[in-house]
Amino acid sequence: MNVSLILIILLVGAFATFLAGDKLASKVALFFGLAAAGASIVLLNHYNLGENISFINQWITQPNISFALKADGLSMAMLLLTTVLTPIIIFSSFGNDYKNSKSFYALILFMSFAMAGTFLASDGLLYYIFWELSLIPIYFIALIWGNGDTEERKKAVVKFFIYTLAGSLFMLVAFVYMYQKAGSLLLEDLYKLNLTANEQLWIFLAFFLAYAIKIPLIPFHTWQANVYQKAPTVGTMLLSGIMLKMGLYSVIRWQLPLAPLAAKEYMYIFIGLGIAGVIYGSIVALKQKDLKKLLAYSSLAHVGLIAAGTYTLTLDGLRGAVLQMIAHGFVVVGLFYAAEIIFRRYETRAIAEMGGIRTQSPKFTSMILILVLASVALPTTFNFIGEFTVLYSLSQINIWFAILGGTTIILGAYYMLKMFQHAMLGETNTKPFADVTVNEGITLVLIIGVLFFFGMYPKPITDLITPSLEEILTQINRIN
C-alpha cells in the first residue's frame, strides 16, 4: 500500500462522477472524497508504524524521468489537508444548484487529484505536470460557474491563468537547467548538485516567480481578489484553502533546499516582502465593502506572514509556517462558507446590506464569531499556534520583523470584528434570515472542531512534520 492509491481514488472518482450524471454527481463525488480522506488516514497509520509508503518507478528512460511520489511527514500533512478539505468543500456545496453538475463535481475531484500529486511528487517533471494540471479545473470552475458580470469574470480568470502559467515557465527552465547538470530530476539527485552562488540565485528567482504568483505575494497578487470574488464559493475555497498552499509548500520542499546560498544571502528581502504583504493586505481589507473581497485581502495578509516564516530558514519558522498553512486552510474555508450561507439568504455580499442576523439566527452568529476569533489567532485556536511560532521565529531574525508581522493580529482583529459587528449585530434586518440547515451546521461544526482540537493539542501535527523539516534544514545548511 502506497500513496499512489490516493491519486488513483481521486482520478477514478473524477471520471465516475462525470459518468454518474447530474442527479448523482454530488453524492458520487462526496463518496470518493471521503474514500480518499479515509485512505489518507490509513496510509498515515502505516507511515507512523515506520512502513515505506512512497512510490517510485521509472517512467521515461530518455530523458531520465521517474514517476516518484515521496511520502514524508511534510507531504503527508499537506496530503491530509487536501483530502480532508475536499469532501468538506463538496458537502458544503449541497445547498446550491449547479448546471451540468457532473462536470462541476468531476472538476473538483480532478483538481484535488492534481493538488495531491503536487504535494507528493519528488521528480521535477512530474511535479511540474501536477502543478500545471491543477490550474485547468479551477479555470473552468471559475469561468463557467462563477458569479458577477460574464465579461469581468472572463478577464479576471484569464489574467489568473496567464499569470500563473507564465510564472511556471520560469520554473520549468530552472528544471531543464538542473537536469543538464544532474542527469535526473529526482529530488534527492537535485539536492546533491553543487551549484555556484550565481547559479543558485537564478534558480531561486525562477522558482520565486512561480511561487510568488501562486501564493500570492505582493506585487504579484493583483489577480487574487477579483478571482476570489468572481469564482463560485467552492472555487474560492479550493483556491484559498488548498491551492495557494502549493506555493508555500514548494518554497520549503524545492526552492530553499535547491538554492540555500541565495536564500541566506537575500533572506531579509524576502522576509520583507512577506511582511509587506501582511501590512498591505490588512490595510486594504479595512476598506472593503464586499465580504468576499474582505476575506480575500485578509487571506493575502495571512499568507504573507506564512511566507515570511518560511524564509527565516529556522526550524521554528518552517514548523510555524506549516502549522499555519493547515490552520489557515480550515479557517478560510469556514469563513468563505459563512459568506456563502449569508448570500444564499440575502443574495448580496455587500456588508452594508447585512446586519441584525444575530436575532434571527443565534447559532450561526455563534459559529461565525468562533471562525472570526480563530482568524485573528485567539489562544486555544489552531491559528494561534502557527502565528505565534512564526512571530517567534521572526523575532529571532530581527525583533522589528516580529513587531511588523504582528500587525496581522492587531489589524486583523479590527477589520474582522468590524465586519462581524456590521454583518451580524445591530437591529433586526427587514429581510428574513433562515437558521442554518443541518448540512450547513455539520460543515461549520467540523471545521470549528478541527480548529479547537489542534489549537489545544497540536502535538500530532508537530510530531509528524518536524523530522521532515529537520532534514530539509540540514540540506539548506549544507556546505557547498
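The following exchange concerns a predicted model of one protein chain.

Me: Why is Ser 103 called buried?
Reply: Buried means under 20% relative accessible area. Ser 103 has a relative accessible area of 15%, so the residue is buried.

Me: What makes Phe 18 and Trp 145 contacts of Ser 103?
Reply: Contact means heavy atoms within 4.5 Å. Leaving aside neighbours within four places in sequence, Ser 103 meets that criterion with Phe 18 and Trp 145. Ser 103 itself belongs to helix α4, residues 101-120. Its C-alpha atom is separated by 8.2 Å from that of Asp 22, which is 81 residues apart along the chain.

Me: How do you know that the radius of gyration agrees with that of a compact globule?
Reply: The globule rule is 2.2 Å times the number of residues to the power 0.38. For 480 residues this gives a value near 23 Å, and the protein chain has 21 Å, which agrees. The C-alpha atoms fill a box of roughly 70 × 55 × 45 Å along the principal axes, and buried residues make up 61% of the chain.

Me: What secondary structure does the protein chain have?
Reply: The chain comprises 22 helices and two strands. Residues 122-407, which an unreviewed UniProt entry annotates as "domain: NADH:quinone oxidoreductase/Mrp antiporter transmembrane", are 80% helix and 0% strand. The end C-alpha atoms of that span lie 36 Å apart.

Me: What share of the contacts between residues at least 6 apart in sequence joins residues at least 24 apart?
Reply: In the protein chain, that share is 82%.

Definitions and conventions: Residues are numbered from 1 along each chain as its sequence is written. This is a predicted model: local features need pLDDT of at least 70, side-chain atom pairs count only at pLDDT 80 or more; totals for chains, interfaces and linings use all residues. Side-chain values use heavy atoms; hydrogens and water are left out. Helices (H or I, at least four residues) and strands (E, at least two) are DSSP runs, numbered from the N terminus. Buried means under 20% relative accessible area, exposed over 50%, partly exposed in between (1.4 Å probe, protein chains only). UniProt positions are given in the numbering used here, feature names are shortened, and annotations may be inferred rather than shown by experiment.
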